[in-house]
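Trainee: Could you take me slowly through one part of this protein, namely its salt bridges and the places around them?

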Amino acid sequence: MSKNVIAQGSQTEIVFVEEALENVTPTSGTVYKLRYGTDSFDAARPTEFDTDISSDGQKSSTIRGLNSVSGGFQTQLAQGVADPFLRSALRRSDFTENSYDDTVNITASGTTAEVKFSGSVSISGMIVDGLVKFGGSVASANAGVHRITAVNSSTGVLSVAKIFGSKETVTDFTTETGVSAEVDERYVKAGGKDIVSFTVEKRFLELNKDSSIVRISGQRAGEFSVSSQPGGAIDFNTNMMGISDTLHDDGMIGPSGWTVDGAHTTGDTTISIADGSTNPTTGDQVCFADDDTATVYTVTTGSGSSITIDPSLKDDLANDTKLYMTRPGTVLGDEKKMESILSTIVFDSGQECVTSFTLNYTSSLQSRNCIGNEDAIGFSAGDRLVTGTMTPYLSSNLLSTLDKIRSGTTFSINFYCRDTDGNCVAFQVPKAEGDKELAKVADQNSIVQNIPFKGIKDTTTEASLIVHALEA
């Protein structure tokens, strides 16, 4: 009698690949593995009771409702982890990358500096409050990712500031003359029109039987949120919608359809195989239908005729036994998390002490459903909304911002997230409005302002939200 293996969340992985054509799973490309805490990928097949009541007081029949494919995941922000889903939600096929390499003069003033370009490179496209990375031959004190505080394109002067937490020890800039600098920007703006979709697989690794992989295609990110509290990591959540889901035995972009060629016994390490497509390769994961131990084996060498596995075979196999194979995904992003104690929030050009911060973005993505069809045939994006809430402590710096909020004047919000390597992701709301009805809550020591806000389109940057991401 075969062993009944129960699925465990700790032995479940989610992988995805970006689609070139919406709802079409690619036959090649890079499969990425998600780092996530929780997920909610779901395919609903609802039914509804008919409204007719039979004479015995019971429902007489059921009718079908609409099928839906949705989901999302929660993770902690790290360099590169959120990039594909940010592009999908903001509807951009890629990040914009600009280089301004030049010979520059750097005039230092503590944790701020002015960078004078030679004039051969225009800096008019640089985004104030965005991120810039200095490399090349600049001194180590000047290298890395910094915040842009001003851009004077007529004089070719760029003003920058270090990004650091309020209690962090920071190395000051140093003055340099005639230094060869590599200067880079990388960002993605809201307001695009590109469709960025994914095929997502949820793999139940310990089952390894028929239909042990749920594959959802046509997945698009409709919204995301970023939130932070004092101490700890920074949370990133995204919600997605898909078009169709199916059950699979093999993973996408990898070996499929293989069977055992001839009988094999316990202890064998080389297994003859036949009849499949896409040859197995080193690192692929495999298990066998007749293996009652439900062991997952790793392919150490593979070809179109045999595989060598580790560990050795734990159960006898008959001829034509089916192989279940998956190709592991490349882990997405950096394993080091962005930390709130290394991060900072600047709004209305002043660095503030904020006890909690949440930023939400939605494209109001909705499925298109038609009479005569129970599955969604596509999606429509509606209003793009940037909202959030922050709770700064009342301070002298904050008073001018509060005056602006009460008078209906706009201000900027910038959340700079960093890790210990200096990698940085910044969420920039160039133009925000606050709720005029401010609620003041006093505790024993200080007054906390609860400020709901919404982003509106900024005519200078042509965006309501810009996400910058640079690797140190």
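Mentor: What follows goes from the whole protein to its charged pairs and then to a charged residue that has no such partner.

This is a predicted model, in which local features need pLDDT of at least 70 and side-chain atom pairs count only at pLDDT 80 or more, while totals for chains, interfaces and linings use all residues. Residues are numbered from 1 along each chain as its sequence is written, and side-chain values use heavy atoms, with hydrogens and water left out.

The protein has 36 strands and 2 helices, where helices (H or I, at least four residues) and strands (E, at least two) are DSSP runs numbered from the N terminus. Of its 472 residues, 46% are buried; buried means under 20% relative accessible area, exposed means over 50%, and partly exposed lies in between, with a 1.4 Å probe and protein chains only.

Side chains of opposite charge can pair when their charged atoms come close. A salt bridge is a side-chain nitrogen of Lys or Arg within 4 Å of a carboxyl oxygen of Asp or Glu, and by this rule the count comes to 15.

One of them joins R220 and E22, whose closest N and O atoms are 3.5 Å apart. Because R220 belongs to strand β16 and E22 to the loop between β1 (12–19) and β2 (32–33), this pair ties together parts that are 198 residues apart in sequence. R220 is buried, at 5% relative accessible area, whereas E22 is partly exposed, at 24%.

R220 also helps to line the largest cavity, together with residues including S88, D194 and L365. This cavity holds about 40 Å³ of space, and at least two of its lining residues come from each of α1 (83–90) and β16 (213–228). A cavity here is a set of points, on a 1 Å grid over the protein atoms alone, where a 1.4 Å probe fits but cannot get out, and lining residues have an atom within 4 Å of a point; grid points are joined across faces, edges and corners, and a volume is the space filled by probe spheres set on the points.

A second pair to look at is E97 with R186, which meet in a salt bridge of 3.4 Å, N to O. E97 sits in strand β8 (residues 96–99) and R186 in strand β14, so parts that are 89 residues apart in sequence are tied together. In this pair E97 is exposed, at 56% relative accessibility, while R186 is buried, at 18%.

In a third pair, R203 and E201 form a salt bridge of 2.8 Å, N to O. Shared partners join E201 and R203 with E13, K33 and R215 into one network of salt bridges. R203 is buried, with a relative accessible area of 1%, and E201 is buried as well, at 0%.

Compare these pairs with K189, found in strand β14 (residues 176–189). K189 is buried yet has no salt bridge, and the nearest side chain of opposite charge, that of E462, is 7.7 Å away; in this account Lys and Arg count as positive and Asp and Glu as negative, while His and the chain ends are not counted. A polar atom of the K189 side chain does, however, lie 2.6 Å from the backbone oxygen of T461. Leaving aside neighbours within four places in sequence, K189 is in contact (heavy atoms within 4.5 Å) with residues including L90, R92, T461 and L465.

Key. A polar contact is a pair of N or O atoms within 3.5 Å; within protein, one must be able to donate a hydrogen and the other to accept it, and residues adjacent in sequence count only if both atoms are side-chain atoms. On a 1 Å grid over the protein atoms alone, a cavity is a set of points where a 1.4 Å probe fits but cannot get out, and a pocket is an open set with protein on both sides within 12 Å along at least five of seven lines; lining residues have an atom within 4 Å of a point.
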